[in-house]
Each structure stands twice: as structure tokens, then as C-alpha cells.
Amino acid sequence: MKDRVIGQSVPKYDAGPKASGLLQYADDFTLPGMLYGKVFRAKVQAAILLGVRTERAEQLPGVHAVITAKDVPNNNLRARFGQSTDVGGQFEGLYRVLAEKEVRYYGEPIALVAAESPDLAEQACQLIEVDLQPLPGVFDSVGAMEPGSRQVGEKPNNIASHFKIRQGDVDQGFAQADVIVEGTYRVPYQDHAYLEPESGLAWSDDDGTINIRVSSQVIEHFREVAEILNLPHSKVRYLGTWIGGGFGRKEDITVESYLALLAWKTRKPVKLTYTRAESLLYHCKRHPFQMEYKTGATKDGKLVALQARLISDCGAYSALSPWVLLYATVNAAGPYQIPNVKVDSYAVMTNTAITSAFRGFGAPQANFAYESQIQKLAHILGLDPLEFRERNYLQTGEAFATGWIYERPIPLTELAQKAWSGLGPLGSAEGGRKLGRGVAIGMGSYGRLTFLHDTSRSYIKLELDGSAIIRCGVPDVGGGQGHILCQIVAQELGVPLERIKLHITDSQLTPLAGTTTATRQLMMSGNATLKAANELKKRLLIKAGQLLNVPIENLIITLNRIEVESSRKEGVSLVEVINRLSGEGEELFVEAQFNAPFTDIPASEVLQGQTHPDFTFGAYAAEVEVDEQTGQVQINKIVAAFDVGKALNPAIVEGQIEGGCIQGVGYALFEDMAIHNGVIQTPSFAEYLIPTAVDVPDITVILLESGSGVGPYGAKGIGEPPMVGIAPALVNAIEDAVGVRIADLPVTPEKIRMAIAQKPEGKR
Amino acid sequence: MKDFQLFSPTELEEALDLLTRHCGQMRILAGGTDLLIRMRDGQVQPETVLDLTRISALHFLRQDSNAIEIGPLITHTEVLCSPLLNQETPLLVQACRTIGGWQIRNRGTIGGNLCNASPAGDAVPPLYVLAAECTLASRRGRRVLPIQAFFHGPGQTVLAPDELLVGIQFPSPQPTPLQFFEKIGQRKALAISKVNMAFLGWTDQEGRFQKVRIALGAVAPTVVRAVRTEDYLVGKRPTADVIQAASDMIETEVQPIGDIRSTEQYRREVSGELLRLGLAKCQKEEHG
């Protein structure tokens, strides 16, 4: 069947129910007799927790449970990274369910309440008393590493993690350089700002099994929750829901450990949905980074050395910080051929909000720094920024800074040129504003770290009427993670899309497909589903070949039929083949497992060799108008060009790129999370401003299909990579317009105006 | 949200009775776009709420001889859709267009915007330059105040606990002046002003300003008039040099603070730029 479904922009089957409001999100589920959970939190950044008094809350009529650390069977967990591989060492941290003996950050959960109404739960929280002995807070990640700093958590010198890249000899490299630029870049916190705040509903079966229906990107957290409760893994079950936006925040446990504890304690169904304020104030953010860069090039425009020191603020618990730091380190030099590279990176603990996974996972931070450096070098060398990049892009067969020799295409020259020329003729600026254009490139990995030995499984069953059932434990965050599996089955088995039923996210009944994180589901579950489909297809073709008396090589599967390719009238219906197979006792179901490329666990903090299955490459070009007096920026045009390998559903791919681009626009220009001494000052979307529809221009998306991806049909992952490249492209465009270069995101009008005023030639 | 008692009278007199009876204990609900948020997150926990929305006597928009009268319950959307206000006071329409999103504009009222007394309230500066007056009523009687006398400071008005804002009126600007409302927010929609400005200016045959009124929001505890700049502009044509000088002068007339939305310095420096931006737009409209 030649590309009948694959490659087509067929609507996602969940799109209609979402648009009409029929689709049930986590908070839409209720159960009779349900209680309401509430989290009681610390209102101090750092303190010794001397005691928690809950008696008054417990005595309030209608309150069914108040839980503190002492009630949690296993309150302190060794935090691991989802799946099974034990990687040990610096990747681990402490996952503490409820504050115990100490408070490390403002908003840290201290107690849980379950009551008969949300108001009662709230009242009960107000009756909880804590004895605290305040401690001086540690709020500056750079200072926190200094000797003598108070230790925030379990890590000496507050360093949760440290990675290195050592390639060549940077001293020699800088000695060869004709031009060296240095820069310090700061990138901010960012909130995931999804439509659906954290939400779930848990209940206990008559045999004590805890069921949790929760909006989560990782249903495999049933293992951690079971450990918290000291239950066998088999006695905790996750039932995922369609997710109203994840962006990485629903990769860590959100409400489910609290729900599980409350349902376990009360033996009643318990619901817990965060308010927007709880979501904004207390959930994990993107890591702010301070990045010191030094980059050298020769006067003929060849990069010779790069040295970088990256410091991320990981907050009061390490969560996924070591992993984010690893990604940032791998990305630190970008997709450039640089013979001498030295990178040192640190994740540092402070008494601030926890930072963890967010779309891009460390790559957008590093990308802003390395692309800013490239732009500065091009200016000093007097080279066209695109041409300078072209002289230095990594080429197929060359090694990344980690030493991993990359054998797939790296079409950055084409992508950047397409993005740049896609801007079209120069517009004219309104009202004396200055016009500027910029371009930047980037790379983003897809698939989890290869030393994690990632796997996914998928199950397909054909029904006697020629319809099909897919079971695959894939959480769908809205990116078509579920739908695309249906497209694969429709493509391979000739079953019409509307006759395929997909079951996702039941940790006990759908084969475990791994996390919807790391831009991995298309590659992992797509391949697992394709593998299962191919096995069934083989059975169908063999039987059809027997029925038609032709070799199977001559057969093709079309809609509901198997036909002889050279004589399409000759054929047999899918239903007949299925019924024959069934009658002969053949299995009409297959469960297949796909294993990602595996590598060994790094032996030390020096990153060496392959770390990821693959990268997706892309480029952004942007045109802006800047008002020199007010510093306001209007984005006129954005063009995105990405090599997606193969666009299995172009509309979904374009949607992912547009979404990532807009989230990047927010990161670059708008989202300014005010934090004062570890306390977030933006409790609503009236203070934490993300771009609206009128702030973002139409985005032109150019798709390149090299067919070189690790995913099914040669597809690459596209969920996270579009976060990369847009921030430096916008900053380059602003510099082109008004001659100032901002090194601290977000680039607010205040910063632009001040930079213009401080220019040597000055304003006015 | 805590339980509370809600009163929804249909007559103004009844509302004033209730206010007198619950003197100082009542929260007043007009559009609810601020009150309900504050009640929901517990900042405000009133025992009683007076719902004005059913009082038709507070919901009017009319022109009597030369005066335009706006009832406090007129919503921002009703301002946008009013042929009268589009004709007579486009700056008020421009200001209301920048408030919140559609849902907020459908619920939020002019009276609410005033009584909230946010220094950044977008409907307020236009009413300053239109020389609006506020009519306040209580069982004790009525009083009429010029708008600048209505505000005490951020979130504070002169309304007595038993008093209601029952009307806003201003003379229809004659002859048609040059006018604009400009605002700088962190984004193009759904943003509270970092700085905003309303401008009203009458010119003579030669294009010289005869009378000018400029009001700025979010740069002082209440909306302020830039009186020195107004005086400076009188008798001058809006040439580039004049606008520049006026812009610089405005920067000396404001006393902004730094907060979560912007810095003191930025607010001060761009407050003058709003004049340039607004006049440029006016001139463009004239010529284009």
C-alpha cells in the first residue's frame, strides 16, 4: 500500500472530541462518595521542621484523613528515571513525598488532607500547625557552590551533578584562534503553562489495589507509587487520561503519590486537582542556567575552540536535573565541528522551586549560548552569519564534541538557507520602528539516552470483521502520540482508520510503552507498532497468497483488501483472510517490543561517545520590528525549517513545530517569572504572561524529509526540537534592527531600551 | 470561597438602604471581574455582597444636550459598541478595547474600573482628560466630584461605606479634538498597562494647540495629569521638536514605581514616548 495513510494529514481522532468538549480530561472523572484532596504546604523557604500538629484538622467533621511524613510507609525514595536500568551514581537524588525534619523550599508539601468537600479540605489545612525553626535560605546557584555555603540537601557543595566534555586541547585551540569571543548568558525559569493543571482521581479496589486515574506522561510511575506505599508493583495501577498539555511537567510525579496515599488511608475515592495558582507557584519549572562561553575561530572562519561552564539551578530537590544537565552538556557545542572543546557543567541545589523536565530538556538553554557566540564571531570576522555557520557545520561522518561519530545526514546548510529565504522580500517598518532579521540553527535529540536501554511494546489484534484493536501504554499529550499508531496500522494492514480502536495508558492492561517524554513515542511505540503490524501483515499475506495462488511478493494490501499488484482486480477481502486464519487456529494478535539503540552507562562524569539515538536538526529565521524608544518588539514573520525524516502526518508535524516555536517566542521575549528569595511572585496568568495569538505572527513551516530517522518510515522526532533555535533567531533579529544584543532572556522592552541607551553612540 | 450572603436589589434606593444597614461590611459586585477572583483566592472574604447587576437605574448611556452620561454598569463591550462614544470619544473606546479579553470586557464595567482604583485602570485616563465628574449617592444624599477628586491612592476612593457611584458624566468634547489612548503592556492583548496615556487637544486654524489635556496611568499612586506639559504645548504646533520636548517634560512629571510588571526607570522613560506614538498615529489617520 503506497503511502495511503502515512504521509497524509488525516485528522487526529481525538481532535473532534477535544474541539467539541466531549473528551474527558482527568478532572472530568468522578466517583460516588469521592473525597477531595488538598496539599498543605510550607510557607517558608528553609527551616528545620520540628513538628506538625494535625489534631484540630482531623477533628473537623467531614475530614477523613490527614497525612504527614510519619504516615507514609516509604517517604524517602531514591529517585530514578522511569524505566528499569540502574544507572546509579550522580543521576540519583532524593524524592521525598512529604517534608520530613526540614523544609527546603517555599511550598514544599508537609501534609495531605482528604475531606468531603474542597472547602472542608481547605479549612482543614488552615487548622494544621507547624513548628518551624527558620534557616537562612540559599538562593543563588552560583554562590551555592562556593565553600562555606549552607548545604541545602544531600549533595556536598550543593552540586547535584557535574558533567564534563574533554575534546582536544582548548588551550592550544585558543592559541590558534585569531578571534576569541566571550560571553555570559542567562536563561530564565519557564512555566509549562498548559491548559490542564495537575489532576487525578484514585481509589482502592476490594483487594487493596490502588488505582490512579491521572494526567501523566509516565504511567510507569506505578512502580514508585508502589514503593511509597510498600505495596507490590502489581498492586498499583495507573489509568492515564488524555493529557491537556504536558511539556515535561507531567513527566515527574505530580499529584499521584498524594492521591495514592489518601485513597490507601481512607479506602475511599479521592480527587485532587491543583488550582492554577498551585500549578504556577509550586510545580517544577524549566532550569535557569548561567552559561559562560568562550569561542575561538580563525580569520578564515573556522571554529577552533569552545570552552563553556554551565550552571543550572535545580532547586531544593534534584528531580530530573542531572539528566537535563547531561542534555545541556551534550548540546553545549551544538552541531558544529570544533576540534577543541572543554565543557564543565553543574546542577546546583538551592532553596527555590524545583526545576525539572521541560520541552527541550537543557538543549534550548545551551542553544541560546552557542548560537549567540556564533553570531558574535560572525560579526567580528565580518562574515555573513549563514556563511560562517556553513563553514563549520558538522558533516556526516564527523564527530560531535562527545566524540560520537554521526553517520546520518546533517542538512543544516539547506535548512538555514530555506528558512532565511523563506522570509521573502524585506517588509517596511511602521511608525519609525526599525526592521531586523535573524537566523539561527539548532539540534534536539529524540529518544532517551541510549545507556538507559529504552524499550516499548505494542499489541495489535485483528477482529473477525476486519476491524482492529491496538493496545499500547502510550500517554498522549496532544501531539498525536496515540493517533499515529492507528495511522501505522491502517497503512500496513488495510484497516480503515475509523475501524481501529486504540487503548492507551493502562499500566496493567496495555503493554508498557515507556514515557511520553524525550520525543520518544513515535520512534519507540511507532516502531513497536510497526513491528507488530508487519508480523500480522506477514500472516495475512501468506494466507492470501495461498488463497490467490500467487507469491506474496506480488501482493499488496489496500483498503480492506489484499490484491495482486500487477492485476488489481484479482484479490481477496481482508475479512475473508482473517476468517480463514481464525478458522485454522492462527493467532490474529501480536505483541511486539522495540529496543532502542543501546550503549554502555558512562563510566565517569566525562561524556564520551553516543548518548542519544539521534538528533533532529532545524533552523529558524525571523523578522522583527523594534521601537527604539519603547523597546517594544513586534514579530512580523517566522520561518521554521526542520528535517523531520519523514512527516507521517504533516499537519501534526507542523502543529508541533508551530507550538514549539510559540513556546520559544514566550521563552525569548515574554515569560518573566519573578522569583524573590526563592518565592515565585507570579501566581496567575495575569502576572506570568505567555504570548497570545496577536503576539505571534503566522509561522511558515518548511519540512525537509531526509528519510534518515530512527523512527518508523525514517521519521525523526519533532516534539521537543522546535523549542531550539527560535530564541537566538529572535535575538539576532533584534540586534540586526537596533544594534543591541541581549544576553539575558527574556528580552523585555526594558532590557532593549536600556541597552540602546547604553550604546556608545547612545540614543538621542 | 467562603459562604456569603448575596443581595440583588432591583432598585437603587433599596441598594442604598442595604449599604446603610450593612455599613462597611459589604462588598459591591458590578462585573465581578476583580471581586470574584479576590474572593476565590481568599484575599477578600466578605460576609455580604451587594449585587448591582439588576439595578436598571445604573445601566444607561445617554447624551443630554452637551453632556454624555455613562451609568456605572455600562460594560467595556457596550462602550466599544456605542455609536455615540465611537463618534464623540474614540479615546475611551480605544482604552476599553485594550482591557482584558472579550470575556472580561463583556462582564467588566466602567464603574467597576473606577471603583477598583487601580492606578493602571485603562478606562480612567480617558475620563480624566474628558474632565469627567462622578456622581456619588447615599441615603444621606448625592454629591458630584471631579474625577481626580474621586481617587485617594492605589485601590482607594473617596466613596464612603454607605455610598455608591451612580453616574459618570462629561461634556461632549466640542469641537472634535485630536485624541488618543496609548498603552504599553508586556504583550499586545490581555495585559495590564505598564504605562498608559490619554490625550485630548484642540488646535486652531494654524494647527496650534489651544487647549491640551494629558493623563497618565500606572506612573503614580493614581492617574495623573501632566499639567506642565499641557501648558507647554499650548500655542505650539506638534512638530517633531515640540513633541520631543513635550515627551521629555512628561518624564519629569511622573512618579512611577518598579513592580512585577516593569521598572521605575522604564515607566518614566517611556511615559513620554506614548505622546510621540499617539500623535504619530493621529497624524497618520489624518493623512491616510
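The following exchange concerns the cavities, one pocket and the chain B sheet of a predicted model.

Biologist: How many cavities of 30 Å³ or more does a search of the whole structure find?
Modeller: The search finds five cavities of that size.

Biologist: How much space lies in the largest cavity, and which residues lie nearest its centre?
Modeller: The largest cavity holds about 530 Å³ of space. Of its 32 lining residues, A:Y95, A:D252, A:I253, A:C284 and A:A319 lie nearest the centre. Two elements of chain A, β5 (93-96) and α7 (256-266), give two or more residues each to this lining, and β5(A) has the largest share, with three.

Biologist: Which domains of chain A give residues to that lining?
Modeller: Both domain 2 (31-135 + 198-273) and domain 3 (289-449 + 602-758) of chain A do, so the largest cavity lies between them. By class, the lining has 17 nonpolar, six polar and nine charged residues.

Biologist: And the second largest cavity, how much space is there?
Modeller: About 70 Å³. Its lining includes A:Y327, A:N331, A:M443 and A:E720. The strand β18(A) gives the most, three residues. The lining divides into six nonpolar residues, five polar and one charged.

Biologist: Turning to pockets, what is the volume of the second largest one, and what lies closest to its centre?
Modeller: The second largest pocket has about 1400 Å³ of space. It is lined by 46 residues, and those closest to its centre are A:R433, B:E182, B:K183, B:L277 and B:K281. Elements giving two or more residues to this lining are β27 (633-643) and α16 (650-670) of chain A, and α5 (90-97), β11 (178-184) and α11 (264-287) of chain B.

Biologist: Which element gives the most to it?
Modeller: That is α11(B), with nine residues. The pocket lining comprises 18 nonpolar, 12 polar and 16 charged residues.

Biologist: In which order do the strands of the chain B sheet run?
Modeller: The order is β11-β12-β13-β14 in an open, antiparallel sheet of four strands. Strands β11 and β14 (224-225) of chain B are at the edges with a single partner strand each, so one side of each has no neighbour in the sheet. Helix α5(B) packs on the sheet, where it touches β11 and β12 (195-203) of chain B, and its direction makes about 15 degrees with that of β11(B).

Biologist: How many bridges join β13 to β14 in chain B?
Modeller: Two bridges join them, and the strands run antiparallel. B:L216 stands opposite B:V224 in β14(B).

Biologist: Lastly, how many residues of domain 2 of chain B are in contact with domain 3 of chain B?
Modeller: There are 24 residues of domain 2 in contact with 22 of domain 3. The centres of these two chain B domains, taken over C-alpha atoms, are separated by 21 Å.

Key:
Residues are numbered from 1 along each chain as its sequence is written. Chains are lettered from A and ligands numbered from 1 in the order in which they are written. This is a predicted model: local features need pLDDT of at least 70, side-chain atom pairs count only at pLDDT 80 or more; totals for chains, interfaces and linings use all residues. Side-chain values use heavy atoms; hydrogens and water are left out. On a 1 Å grid over the protein atoms alone, a cavity is a set of points where a 1.4 Å probe fits but cannot get out, and a pocket is an open set with protein on both sides within 12 Å along at least five of seven lines; lining residues have an atom within 4 Å of a point. Grid points are joined across faces, edges and corners, and a volume is the space filled by probe spheres set on the points. Ala, Val, Leu, Ile, Met, Phe, Trp, Tyr, Cys and Pro count as nonpolar, Asp, Glu, Lys and Arg as charged, and the others, Gly among them, as polar. Two strands pair if DSSP finds at least two bridges between them. Contact means heavy atoms within 4.5 Å. Axes are lines fitted to C-alpha atoms, for helices over the stretch in contact, and angles run from 0 to 180 degrees between N-to-C directions. Domain bounds come from an automatic or database domain assignment.
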